[in-house]
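The following explanation is addressed to a reader meeting this structure for the first time. Please keep the sequence and the model in view while reading.

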Amino acid sequence: MFKKILIANRGEIALRVIRTCKEMGIKTVAVYSTADAESLHVRFADEAVCIGPPPSNQSYLKMSNIIAAAEITNADAIHPGYGFLSENAKFSKICEEHEIKFIGASAEMIEKMGDKATAKSTMIEAGVPCVPGSEGIIPDFETCIKVAKETGYPVMLKASAGGGGKGMRAVWKEEDLQAAWESARQESKAAFGNDDMYMEKLIEEPRHIEIQVVGDSNGRACHLSERDCSVQRRHQKLTEETPSPFMTDELRKKMGEAAIKAAEYIKYEGAGTVEFLVDKHRNFYFMEMNTRIQVEHPITEQVVDYDLIREQILVAAGVPISGKNYFPQLHSIECRINAEDPHKDFRPSPGKITNLHIPGGHGIRVDTHVYSGYIIPPNYDSMIAKLITTAQTREEAINKMKRALDEFVVEGIKTTVPFHRQLMDDPDYVSGNYTTKFMEDFEMAN
């Protein structure tokens, strides 16, 4: 087992990893930018190393500084959390070269699944259902026209290196294809330094449902059932729940088997998520695989009583998994509390938290790194907390969430608490009748 783990991240996920390490008797090293000097992950780690100024490319993305921090503190493993370097094949490889265990996917795994076009062709080989479309990268616009005709409109152009909705364009008819092709490539080049595109059939009225998997070094994988992540804004998840109100026992079985097939085909090691689009007829299609822990992992932990960070560490240390699949025994909902103003198009709201009250009580979990007096820097993602409620039924989990949101007081900045409170009363959300298009018709009340 590892003696000391460096957490190459910040905020609530860094604190989350530190907590599990402490429970396992493992020493921890926090790294931080100068903007995060007063953050709780710095305070609660056994050691802390400043790795640079506020900009991410000079601190949390600066591989040489992180490796140096690991070496001077004699850390024998690095946990990357999510975001930043968590799915960076080069960083995974550098850790290996320095004989520091990367608690995540190998460089080969990340390369296989990180590029979406390569991932799709790999999943077709594995026999996992995929959305009809191009077989890999589209080399030129002439091929693009041909693939669109063969696939049938509407189609979705996607950046191969994409994420967060960048480089994506829905196209409903051929005369709009060229403008979409050029603008998607331009956006992808600016965001990722790569303008490779692929194409898929546009799935109408889709749900975004993902399956949590864990694989070990022996090539075995298990699943921990699904999370429904369909409530999104600009392809960014706002809230998640498990089990999905759209799920049936038969669909869960099929999707779980497909996710295991995907993980075992590539001999996946660690915690990962196989993401699917599910149409209104409950046909499901592979979308992508995230080779890291997800923001929304706590809801899975709540319904199956399973510490996913602990399992990541055990698997990285060579401990085999049991091979057992897990199914939800309770219902859990997560609301992402962001420092944003939902009444002003979710505009970021960094600044000082002057007063904070965290909700509590049975079935309430809050993962956060903020406190009264904490200054939210403008340099990073705006999420400041994850509010999770767990109950016997979905109705009870929603009622618990309403109560918890009413108790959640954050003064000094704007947050998405009012949005989530309105969402919990929305008739379509309450009935489970929502898709990834839900937010297009949602309007904030005054």
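The paragraphs below pass from a sheet to the nonpolar cores, then to a second group of strands, and finally to the charged residues.

The model is a predicted one. A suitable place to begin is an open sheet of five strands, whose order is β3-β2-β1-β4-β5 and whose pairing is parallel. Its edges are formed by β3 (47-52) and β5 (101-102), each of which pairs on one side only. Strand β2, covering residues 27-33, runs parallel to β3 and is joined to it by five bridges. Within this pairing, Ser33 has Gly52 of β3 as its bridge partner. Helix α1 (residues 11-23) packs on the sheet, where it touches β1 (4-7), β2 and β4 (77-79). The direction of helix α1 makes about 170° with that of β1.

Another helix, α3 (residues 63-72), contains Ala69. Is Ala69 buried or exposed? With a relative accessible area of 2%, Ala69 is buried, because the limit for that class is under 20%. Beyond its neighbours within four places in sequence, Ala69 is in contact with Leu6, Val31, Val49 and Ile51. By contrast, the C-alpha atoms of Ala69 and Glu226 are separated by 37 Å, and the two residues stand 157 places apart along the chain.

The interior may be considered next. The largest nonpolar core comprises 55 residues, and those with the most contacts inside it are Leu6, Ile78, Phe91, Met255, Phe276 and Phe286. Helix α9, formed by residues 249-265, gives the most to this core, contributing seven residues. The surroundings of Ile78 serve as an illustration: when neighbours within four places in sequence are left aside, its contacts include Ile5, Leu6, Ile66, Ile67, Phe91, Cys95 and Phe102. Apart from the largest core lies another, of 36 residues, with Val231, Ala339, Ala397 and Tyr434 among them.

A further group of strands is arranged about β21 (residues 383-391). Nine of the nine residues of strand β21 are buried, so the strand is largely enclosed by the rest of the structure. Strand β14 (residues 331-338) runs antiparallel to β21 and is joined to it by eight bridges. In that pairing, Ile337 stands opposite Ala385 of β21. Strand β19, which covers residues 364-368, also pairs with β21 in the antiparallel sense, over five bridges. Here the bridge partner of Asp367 is Lys386 in β21. As a general matter, strands of a sheet pair through backbone hydrogen bonds, either parallel or antiparallel.

Attention now turns to the charged side chains. The structure holds 35 salt bridges. In one of them, the side chains of Lys237 and Glu275 meet at 3.6 Å, N to O. This pair links distant parts of the chain, since Lys237 belongs to strand β11 (residues 236-242) and Glu275 to strand β12 (residues 270-278), 38 residues apart. Lys237 is buried, with a relative accessible area of 13%, and Glu275 is likewise buried, with a value of 2%. Both residues belong to a network of salt bridges that links Glu210, Arg227, Lys237, Glu240, Glu275, Glu296 and Arg336.

A salt bridge within helix α9 joins Asp249 and Arg252, the closest N and O atoms being 3.4 Å apart. Because Asp249 and Arg252 are three residues apart in this helix, about one helical turn separates them. Asp249 counts as exposed at 64% relative accessibility, whereas Arg252 counts as buried at 11%. A further salt bridge brings together the side chains of Asp425 and Lys402, at 3.0 Å, N to O. Asp425 lies in the loop between α13 (417-423) and α14 (427-430), Lys402 lies in helix α12 (residues 394-407), and the two are 23 residues apart. Asp425 is partly exposed, at 44% relative accessibility, while Lys402 is buried, at 18%.

The last residue to be considered is Asp216, located in the loop between β9 (207-215) and β10 (221-233). Asp216 is buried yet has no salt bridge. Which side chain of opposite charge is nearest to Asp216? That side chain is Arg220, 4.1 Å away; the pair does not count as a salt bridge because the definition requires a distance within 4 Å. Leaving aside neighbours within four places in sequence, Asp216 is in contact with Tyr268, Glu269, Val315, Val319, Pro320 and Ile321.

How values were computed: Residues are numbered from 1 along each chain as its sequence is written. This is a predicted model: local features need pLDDT of at least 70, side-chain atom pairs count only at pLDDT 80 or more; totals for chains, interfaces and linings use all residues. Side-chain values use heavy atoms; hydrogens and water are left out. Two strands pair if DSSP finds at least two bridges between them. Helices (H or I, at least four residues) and strands (E, at least two) are DSSP runs, numbered from the N terminus. Contact means heavy atoms within 4.5 Å. Axes are lines fitted to C-alpha atoms, for helices over the stretch in contact, and angles run from 0 to 180 degrees between N-to-C directions. Buried means under 20% relative accessible area, exposed over 50%, partly exposed in between (1.4 Å probe, protein chains only). Lys and Arg count as positive and Asp and Glu as negative; His and the chain ends are not counted. A nonpolar core is a set of buried Ala, Val, Leu, Ile, Met, Phe, Trp, Tyr and Cys residues joined through side-chain atoms within 4.5 Å.
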